[in-house]
Amino acid sequence: MSTSNPASFLREAARETRVLGDYEVVVLGGGPAGIAAAVAAARGGRRTILVERYGFLGGMGTAAGVTNFCGLHANVAGDIRRVVHGIADDLTGRIDRLGGLSAPHLVLGRIHAQAYDTAAYKLAADDLLLSSGAELLFHALAVGVLADDAGLAALLVETKSGRGAVRGRIFIDCSGDGDLVAWSGAPFELGDGCGNMLYPTTMFRVNAVDPARADWGTIPRLMAEAEATSGRRFPRKSPIVRPQKHASEWRVNLTQVSRPDGRAIDGTDAGDLSRGEVEGRRQVADAFAFLRTVPGFEEAYIVDIPPQLGIRETRRAVGEYMLSDADVLGCASFADTIGVNGWPIENHVAGDVVFRFAEPGSRGFNHLPFRMLLPLERDNLLVAGRCAAMTHLGQSAARVSGPCFVMGQAAGTAAALALSGNVVPRAIDVGRLQARLARDGAYLGT
Ligand SMILES: Cc1cc2nc3c(=O)[nH]c(=O)nc-3n(C[C@H](O)[C@H](O)[C@H](O)COP(=O)(O)OP(=O)(O)OC[C@H]3O[C@@H](n4cnc5c(N)ncnc54)[C@H](O)[C@@H]3O)c2cc1C
């Protein structure tokens, strides 16, 4: 399929588009950022809708089978602490009450992550969203925007009941791909500027693992031996093969999906995505055949290949501040902090994953500034999550779930404050935003 042949266009007839509703806050995307943004805006008393193309929430966390929260914790001078609270607590508490949350586990001997069951995440997120008073529009693929003199006016969606427009006063782009930023004409970046994005992964989970004999720590060595002795080739080093809450079920994060030219699949290109889905599943079959040779996995079977290829990075807004790798490694502080990121640089390069941590003994987290939620040139648009204003390497850290919850809660709260003060988001009093976030349980890192 060609997605870029400029000679092939058809002209459609102009048409009337049905208005589906009028809202004060319109959130695009139901991943960690979108969930937190919609809940915060609705709790702030604003008529809020969250628009999502799938029939469930969680974003990459469910749709791409991530099944593991990173970035809820930081290594603060050797002491690993939970540093992301607020709406993230409301969600993880609900997942836990459903029996779907694992205890935190150690990653690379330095930081905690926390696995969860996708089914529990979906149930918990529905409950959290609806109890906040936000409305949900599922199975609605956003396809464009309409603007007027006041800025963005409506989000255009395609649904099974036809095309529609969702009108709003403030829009929050939590699409992960910066769709709203791009459609509104605001500036954005794609990858590192040389066509390189973090590589995607097709996740999968296996069941019927014998937990008494399976040892995730041996898998890198067994992969190297398999390459040396059987000629098997793995697309990347640094596999993550770890147990879920129920010890016979393990998640497998070891594929790496690239284009024929070796660069990462572009998650904003339909042709790339189509080829990437097929290639990702092919790699799953290969990886599974290897796993069956690993002690404890002989009887394992694939219990889930998630709905989509896991996309780590596409567009990132150019905002009033671009969070960088220097900020992450230097544990930067900002006067307009909205919360913190404690996850290290996690760069998915060709054939490997390269981690870089802040110095041992350091504070172990950087502040996330409000300015990274403010795209340039558009006044009634905020952006949160993995498409917020970050450099390529800054995003490799702050794209994980914990900081996405932080950004989402701040964006939703900022939208509510802007509406109550009748100002644009970039004009709100940041001190009031911080006080509101702290009141609502967020940790600002100060
Ligand atoms: C393979 C893989 C492994 C990862 N491992 C971890 C991990 O272990 N721990 C961790 O914390 N993080 C991990 N991450 C990162 C993390 O999952 C994501 O970066 C995070 O989910 C980003 O959250 P978000 O809300 O910004 O966007 P997303 O989670 O991408 O959510 C965006 C949402 O918007 C919806 N959407 C997008 N465009 C449209 C549209 N046009 N119309 C309607 N809906 C739309 C999508 O369906 C999706 O639900 C991993 C990511 C990948 C890909």
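Two strands pair if DSSP finds at least two bridges between them, and with that rule in hand we can follow a small group of strands through this predicted model.

Strand S17, which covers residues 250-253, is a good place to begin. Strand S15 (residues 204-207) runs antiparallel to S17 and is joined to it by 3 bridges, and within this pairing Val206 stands opposite Trp250 of S17. Strand S16 (residues 240-243) also pairs with S17 in the antiparallel sense, here over 4 bridges, and Arg242 stands opposite Arg251 of S17. S16 and S17 together form a hairpin, with 6 residues lying between the two strands.

Which way do the side chains of S17 point? In a regular strand the side chains alternate between the two faces of the sheet. In S17, Trp250 and Val252 point one way, while Arg251 and Asn253 point the other way. All four of these residues are buried, a word that stands for under 20% relative accessible area.

From the strands we can turn to empty space, which is revealed by rolling a probe the size of a water molecule over the atoms. The second largest pocket holds about 250 Å³ of space, and 16 residues line it, among which Ala150, Arg169, Ile170, Asn380 and Val424 lie nearest its centre. Strand S11 (151-159) and helix H10 (401-421) are the elements that give two or more residues to this lining. When the lining residues of the second largest pocket are sorted by character, 9 are nonpolar, 3 are polar and 4 are charged.

Definitions and conventions
Residues numbered from 1 in each chain as written. Predicted model: local features only at pLDDT ≥ 70, side-chain atom pairs only at ≥ 80, totals over all residues. Heavy atoms only, no water. 1 Å grid on protein atoms, 1.4 Å probe; cavity = no way out; pocket = protein on both sides within 12 Å on 5 of 7 lines; lining within 4 Å. Points joined across faces, edges and corners; volume = space filled by probe spheres on them. Nonpolar A, V, L, I, M, F, W, Y, C, P; charged D, E, K, R; others polar. Buried < 20%, exposed > 50% of the residue type's maximum accessible area, 1.4 Å probe, protein only.
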